[in-house]
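Welcome! Here are a few short exercises, each with a worked solution. Keep the structure at hand as you go.

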Amino acid sequence: RSFALPVWSGPGCPPAEERPAAVTAALARARTAVMLSLRRSAPLARSVARRVAGPCAAASARSLSSAPSARPENVGILAMDVYFPQRCVAQKDLEVADGVSEGKYRIGLGQERMAFVGDREDVNSICMSAVSNLLTKFNIDPDQVGRLEVGTETIIDKSKSTKTHIMELMGSNSNIEGVTCINACYGGTASILNSIAWIESSAWDGRYAIVVAGDIAVYAPGPARPTGGCGAVAMLIGPDAPLPFSTQRHSHAEHCWDFYKPEMHSEYPAVDGHLSNTVYLRSVDVCYNNLLDKMAPKGSVDTFDYMCFHSPYNKLVVKSVGRLLYNDFVRTPTGAKPELTEALSQWHPDSVAPSTTYADRGLDSALKKISAAVYKEKCAPSAALSKELGNSYTGALWVNLVSLVSNIGAGLVGKNVFMFSYGSGSVATAFAVHPRTPSSQQNPQFTCEAIAETIDLQNRLAARTELSPDEFSAALLLRETSHGAAPYVPTESVDTVVPGAYYIDEINSSHHRVYMQKPVEEVDERASATS
């Protein structure tokens with residue numbers, strides 16, 4: 001494997017302080033290459049190390065390659081980035097346009113804005129944009145990628161996967177495993193767990209995995225429409241990660257008809273909202289309790305410093321935090337914190353079965369009060385971005401992790417993050433992420449702080465264009481009327497697309513979709529400095 005790195009030649013390596021910065025970087029990258037990509041072949045490791053970094057790295061190669069092959073450790077997210085459209089609509093404006101009471105969407109749903117796209121973007125383009133951002137911003141060579149997996153439920157072809165479209169970004173590298181995973185909002189989590197299992201297996205060849213989770217959530221006109229949204233998150237997966245996953249996790253799957261998409265001619269789902277909320281909260285109960293039994297049998301909400309939940313809308317996340325406190329009380333009703341015992345005594349599990357409490361408004365009210373401080377401290381930093389974008393289905397949990405990393409940055413190191421993923425139908429998993437500082441041999445871009453700086457979330461959110469409810473409705477009507485059309489040339493202007501993002505140029509009579517990348521505009525530095 002070749003690396004475009006400067007060559008250091010000579011009788012030996014000088015002290016670090018006397019080396020040019022480029023050479024120091026070359027040595028670090030060579031060590032990482034040997035460790036990650038070439039550790040099963042000692043001769044090849046030594047050869048490549050000599051070629052890209054000189055005799056001192058070759059010595060490192062000898063020591064690394066002579067060590068026994070070990071299972072990769074701290075496998076998780078090395079880098080990540082999020083893509084969202086540049087257009088959004090304010091929930092307060094939708095309240096007025098829909099003629100509902102003030103606060104119904106902002107307080108009742110807990111949402112602030114909703115991202116949306118028209119006919120210029122589809123699930124393939126938003127996932128391509130997210131992966132392109134990841135590769136470009138973190139300087140990832142496509143040849144270093146050995147697995148690419150996609151989680152989405154936005155289906156525009158019953159056979160050809162979104163993964164195959166993203167292969168357009170991989171250059172000459174066709175040796176890439178993985179496909180698209182589908183199960184409502186759970187596909188992104190399934191893709192990550194598959195990728196982690198690949199890296200930890202004997203089949204791993206030392207290359208990275210990329211997972212992208214993204215969707216366009218749209219609903220027919222009515223009460224569910226304000227719960228839509230759009231977004232995609234691309235993640236680089238590998239060992240020695242700043243965001244490694246716990247080895248303990250717990251899943252819960254059951255058969256139910258809470259949310260599904262039986263009509264292939266339409267993007268709109270069939271939804272049983274009350275059932276969906278019940279199954280979601282039941283899954284929270286089962287996964288949280290069993291994860292604690294595995295990780296910390298005497299643990300509680302205090303076991304975790306932060307929390308990320310799948311977020312169809314924020315009010316359900318708020319309820320979920322309250323539900324964790326309720327489960328703490330149910331687990332040890334006689335040893336619970338005094339404030340829990342005082343507030344929840346009438347719902348003692350000996351007198352009220354937990355399975356009957358999912359629609360109990362009295363319990364909801366009590367939990368909302370006692371969980372407010374916990375939500376603010378542990379969950380609000382992760383929930384902020386979903387409140388701005390809306391529901392991104394498979395991307396929702398990972399959008400929340402992006403939000404947490406962006407808001408806390410290096411402060412996450414050493415903390416314990418509870419993660420809950422849910423997909424209707426239904427499948428759910430709870431696990432933990434343990435942020436850490438990677439080894440000195442790891443790419444310096446792969447840290448929580450560097451990820452936060454690279455994503456630059458607040459500036460990107462501020463650069464969005466907020467449109468009216470009428471313009472929002474027109475865009476969704478355009479999607480509805482053009483869905484499945486071929487041949488078709490999008491009617492919206494390319495100006496609606498973020499610079500650097502991919503968009504649909506045309507769909508021909510054979511339903512072949514042609515994508516283009518919008519150029520990134522050149523910026524006059526002098527003009528920028530002046531303004």
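**Exercise 1.** Is Asp122 buried or exposed?

*Solution.* Before starting, note that this is a predicted model, where local features need pLDDT of at least 70, side-chain atom pairs count only at pLDDT 80 or more, and totals for chains, interfaces and linings use all residues. Residues are numbered from 1 along each chain as its sequence is written, and side-chain values use heavy atoms, with hydrogens and water left out.

Step 1: recall the classes: buried is under 20% relative accessible area, exposed is over 50%, and partly exposed is in between (1.4 Å probe, protein chains only). Step 2: the relative accessible area of Asp122 is 3%, so Asp122 is buried.

**Exercise 2.** Find the residue whose side chain meets that of Asp122 in a salt bridge.

*Solution.* Step 1: a salt bridge needs a side-chain nitrogen of Lys or Arg within 4 Å of a carboxyl oxygen of Asp or Glu. Step 2: the partner is Arg513, at 2.7 Å from N to O. Step 3: place the two residues: Asp122 sits in the loop between S3 and helix H5 (123-137), and Arg513 in strand S16 (residues 513-517), 391 residues apart. Helices (H or I, at least four residues) and strands (E, at least two) are DSSP runs, numbered from the N terminus. Step 4: with a relative accessible area of 24%, Arg513 is partly exposed.

**Exercise 3.** Work out which parts of the chain the salt bridge between Glu466 and Arg113 ties together.

*Solution.* Step 1: the side chains of Glu466 and Arg113 meet at 2.9 Å, N to O. Step 2: Glu466 belongs to strand S14 (residues 465-467) and Arg113 to strand S3 (residues 113-115), so the pair ties together parts 353 residues apart in sequence. Step 3: both ends are partly exposed, Glu466 at 39% relative accessible area and Arg113 at 26%.

**Exercise 4.** Describe the surroundings of strand S12 (residues 417-423).

*Solution.* Step 1: seven of its seven residues are buried, so S12 is largely enclosed by the rest of the structure. Step 2: look at each face: Val417, Met419, Ser421 and Gly423 are buried on one side, and Phe418, Phe420 and Tyr422 on the other. Step 3: list pairings, which require that DSSP finds at least two bridges between two strands. Strand S11 (residues 306-309) pairs with S12 in the parallel sense over four bridges, while strand S13 (residues 427-433) pairs with S12 in the antiparallel sense over seven. Step 4: in the hairpin of S12 and S13, three residues lie between the strands, and Gly425 takes a positive phi near 120 degrees.
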